[in-house]
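Morning, everyone. Please have the sequence and the model open while I talk.

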Amino acid sequence: IIMIVIMFSSAVIYQIDTLSPELRNILLYNPLVHFMEMLHGYYFYTLDDRYVDYEYMFSWTIGPLFPALWFYIKLEHRIISL
């Protein structure tokens, strides 16, 4: 059920500029929307990617990476021994 909600809220099926401004503002908090809009913009040259915020995508990609790597380094022996 959670995956269905995430899929419909991530702009996989539709472009974000076809939605109403109120709904668009809410959905733009989802970082997957920015990734999907970037892919739509690269695939279809006629689409405008003005809703893609590259800093937001970068922070949601790199931000969790460093804590995850830190936890992996700290717990590497436990993870490998399982």
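Which residues in α3 meet which residues in α4? From α3 we have Pro-31, His-34, Phe-35, Met-38 and Tyr-42. Their partners in α4 are Tyr-54, Tyr-56, Met-57, Trp-60 and Thr-61. Sort that contact by class and you get eight nonpolar residues, two polar ones and no charged ones. Keep in mind that this is a predicted model.

Now the geometry. Helix α4 covers residues 54-62, and α3 packs on α4 at an angle of about 125°. The two axes are 9 Å apart. Angles of over 145 degrees would count as roughly antiparallel, and 65 to 115 as roughly perpendicular. The α3 and α4 pair falls in neither range, so α3 is oblique to α4. The crossing of these two helices is left-handed.

Next, α3 itself. The helix runs over residues 31-43. Is its length what we should expect? What span should 13 residues give? At 1.5 Å a residue, α3 should span 18 Å. The end C-alpha atoms are 19 Å apart, so the model agrees with the expected span.

Which residues of α3 are buried? They are Pro-31, Val-33, His-34, Met-36, Glu-37, Met-38, His-40 and Gly-41. The buried residues of α3 pack against α2, residues 21-27, and against α4.

Two histidines on that list deserve a closer look. Start with His-34, in helix α3. His-34 has a relative accessibility of 4%. The cut-off for buried is under 20%, so His-34 counts as buried. What does His-34 touch, leaving aside neighbours within four places in sequence? Its contacts are Leu-28, Tyr-51, Val-52, Asp-53, Tyr-56 and Met-57. Tyr-56 and Met-57 also appear on the α4 side of the helix contact.

Then His-40, also in α3. At 11% relative accessibility, His-40 is buried too, because the value is under 20%. Not counting residues up to four places away in sequence, His-40 touches Ala-11, Val-12, Tyr-14, Gln-15 and Leu-47. One distance for the same part of the chain: His-40 and Ser-10 are 30 residues apart in sequence. C-alpha to C-alpha, those two are 12 Å apart in space.

On to the loop between α3 and α4, where Asp-48 lies. Is Asp-48 buried, exposed or partly exposed? Its relative accessible area is 37%, so Asp-48 is partly exposed. Asp-48 and Asp-17 are 31 residues apart in sequence, with C-alpha atoms 8.7 Å apart.

Last stop, helix α5, residues 65-74, which holds Phe-66. How accessible is Phe-66? The figure is 55% relative accessibility, so Phe-66 counts as exposed. Phe-66 and Ile-26 are 40 residues apart along the chain, and 27 Å separates their C-alpha atoms.

To recap: α3 is oblique to α4, with a left-handed crossing. His-34 is buried, His-40 is buried, and Phe-66 is exposed.

Key
Residues numbered from 1 in each chain as written. Predicted model: local features only at pLDDT ≥ 70, side-chain atom pairs only at ≥ 80, totals over all residues. Heavy atoms only, no water. Helix = DSSP H or I, 4+ residues; strand = E, 2+ residues; numbered from the N terminus. Buried < 20%, exposed > 50% of the residue type's maximum accessible area, 1.4 Å probe, protein only. Contact = heavy atoms within 4.5 Å. Axes fitted to C-alpha atoms, helices over the stretch in contact; angles between N-to-C directions. Parallel < 35°, antiparallel > 145°, perpendicular 65-115°, else oblique. Left-handed = near helix turned anticlockwise from the far one by under 90°. Nonpolar A, V, L, I, M, F, W, Y, C, P; charged D, E, K, R; others polar. Expected span 1.5 Å × (residues − 1).
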